[in-house]
Each structure stands twice: as C-alpha cells, then as structure tokens.
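Visitor: Got a minute to walk me through this one? I'd like to poke at a few residues and see how things pack.

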Amino acid sequence: MNDDKIFLGNTPTKTRSYLLGVFKELKPRYNHLVIPSCGQFSIAMTAIQSGYQPEQIHCSDVSLFSTTLAYAINNLDLSDLKISIKGSSWSNPHSYAELFYELKLATLKAQTKH
C-alpha cells in the first residue's frame with residue numbers, strides 16, 4: 001500500500017528510456033532544464049542520468065490537486081480558486097470532497113480516451 005504518497009503515477013519505463021536519449025541530445029545546447037508537474041521526480045532523475053546536474057534542473061508541481069489539498073488543510077474558501085473543468089458541466093465546488101471527486105473523475109475520463 002502507498003498510503004505515504006499523494007501522487008501514485010510514475011513515468012513509464014519506455015518513456016523514461018526515450019527521454020534519456022532526448023536529454024542527452026539536448027544537454028550540449030541547453031544548460032538548464034525545467035520540468036513542470038514533476039510528481040515523483042522520475043523525469044528529473046532521468047535527466048540526472050543523462051548528465052544534467054541537480055542544480056541545472058528546475059522542477060515544480062504546481063497543480064490543481066496540490067492547490068486544493070493546501071486549501072483543504074488550511075480551511076480556505078474554494079470559491080476563491082474560480083475552478084472550471086474542461087468537458088464538465090460542473091463548476092463552483094461546495095466541498096473539498098466534491099472537488100477531489102471531480103478531479104479524479106476528469107482524470108479517469110482523460111485516461112480512458114487513450
């Protein structure tokens with residue numbers, strides 16, 4: 001069980017292998033790498049394997065999930081976020097649970113389209 005992790009997804013092995021080659025090609029031309037929505041940092045670890053130094057990699061995980069979690073922990077008003085989810089008639093959450101449910105539902109819908 002992964003009860004100590006918030007983000008359970010991981011970049012697949014084949015994708016990391018592909019990115020390893022891409023990063024090796026990019027390294028001579030780009031001395032910094034920016035990785036948004038890095039999750040468990042597997043892409044950053046792949047970049048390090050390709051030759052980038054940790055100080056050359058800038059990661060962030062600014063996402064709606066993280067923001068919602070922070071709002072819930074701090075008991076902030078969700079209406080301040082002015083959230084809408086593409087492809088959903090849902091808007092203006094009434095509770096954190098409702099928003100987390102809608103986020104999960106939107107993620108599952110997106111995954112089933114592939």
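Visitor: Let's start with Tyr 96: which residues is it in contact with, leaving aside neighbours within four places in sequence?
Guide: Tyr 96 is in contact with Thr 68, Tyr 71, Ala 72, Asn 75, Leu 76, Asp 77 and Leu 78. Keep in mind that this is a predicted model.

Visitor: Where is the place of Tyr 96?
Guide: Tyr 96 belongs to helix H4, which covers residues 96–112.

Visitor: And how are the C-alpha atoms of Tyr 96 and Thr 68 separated, in Å?
Guide: By 7.3 Å, with the two residues 28 apart along the chain.

Visitor: Asn 75 was on that contact list. What phi does Asn 75 have?
Guide: A positive one, about 55°, although Asn 75 is not a glycine. Asn 75 sits in the loop between helix H3 (64–73) and H4.

Visitor: Is Asn 75 buried or exposed?
Guide: Exposed: its relative accessible area is 62%, and the cut-off for exposed is over 50%.

Visitor: OK, zooming out. How many helices and strands does the protein have?
Guide: Four helices and two strands. Along the sequence they come in the pattern α-β-α-β-α-α.

Visitor: What percentage of the residues count as buried?
Guide: 23% of the 114 residues. As for the outside, the protein exposes about 8,400 Å², and carbon and sulfur atoms supply 56% of that area.

Visitor: Which residues make up the largest nonpolar core?
Guide: There are nine: Leu 19, Phe 23, Leu 33, Ile 35, Cys 38, Ala 44, Ala 47, Tyr 52 and Ile 57. Helix H1 (13–26), strand S1 (33–35) and H2 each give two or more residues to this core. Apart from it lies another core of six residues, including Tyr 71, Leu 78, Leu 99 and Leu 103.

Visitor: Why would nonpolar side chains tend to be buried together?
Guide: I can only give you the tendency: in soluble globular proteins, that is how nonpolar side chains tend to be arranged.

Visitor: Fair enough. What does Phe 23 touch, not counting residues up to four places away in sequence?
Guide: Phe 23 touches Leu 33, Ile 43, Thr 46, Ala 47, Ser 50 and Tyr 52.

Visitor: Cys 38 is in the largest core too. Why does Cys 38 count as buried?
Guide: Because its relative accessible area is 10%, and buried means under 20%. Cys 38 lies in the loop between S1 and H2. Its C-alpha is 9.9 Å from that of Ser 63, which is 25 residues away in sequence.

Visitor: Now H2. Which residues are buried in H2?
Guide: Ser 42, Ala 44, Thr 46, Ala 47 and Ser 50. The buried residues of H2 pack against H1, S1 and strand S2 (57–59).

Visitor: I'm curious about Ser 42. What is its relative accessible area?
Guide: Ser 42 has 13%, so it is buried. This serine is found in helix H2, which runs over residues 42–50.

Visitor: Which side chain does a polar contact join to that of Ser 42?
Guide: The side chain of Thr 11, at 3.2 Å. Leaving aside neighbours within four places in sequence, Ser 42 is in contact with Thr 11, Asn 10 and Arg 16.

Visitor: And Met 45, also in H2: what does it count as at 49% relative accessibility?
Guide: Met 45 counts as partly exposed. Together with Phe 41 and Ile 48, Met 45 forms a nonpolar patch on the surface. The accessible area of those three together is about 270 Å².

Visitor: What phi does Gly 51 take, just after H2?
Guide: A positive phi of about 120°.

Visitor: Last one, then: where is Gln 56 found?
Guide: In the loop between H2 and S2. Gln 56 is buried, with a relative accessible area of 14%.

Visitor: Which backbone oxygen does the side chain of Gln 56 reach?
Guide: That of Asn 31, at 3.0 Å. Not counting residues up to four places away in sequence, Gln 56 touches Asn 31 along with Lys 27, His 32, Leu 33 and Gly 51. So that is the Gly 51 with the positive phi, in touch with a buried glutamine.

Methods. Residues numbered from 1 in each chain as written. Predicted model: local features only at pLDDT ≥ 70, side-chain atom pairs only at ≥ 80, totals over all residues. Heavy atoms only, no water. Buried < 20%, exposed > 50% of the residue type's maximum accessible area, 1.4 Å probe, protein only. Polar contact = N/O pair within 3.5 Å; in protein donor to acceptor, adjacent residues only side chain to side chain. Contact = heavy atoms within 4.5 Å. Patch = residues over 30% accessible without salt bridge, like charges linked within 9 Å, V, L, I, M, F, W, Y side chains within 5 Å. Areas by Shrake-Rupley, 256 points an atom, 1.4 Å probe, with all protein chains shown as cover. Salt bridge = Lys/Arg side-chain N within 4 Å of Asp/Glu carboxyl O. Core = buried A, V, L, I, M, F, W, Y, C linked by side-chain atoms within 4.5 Å.
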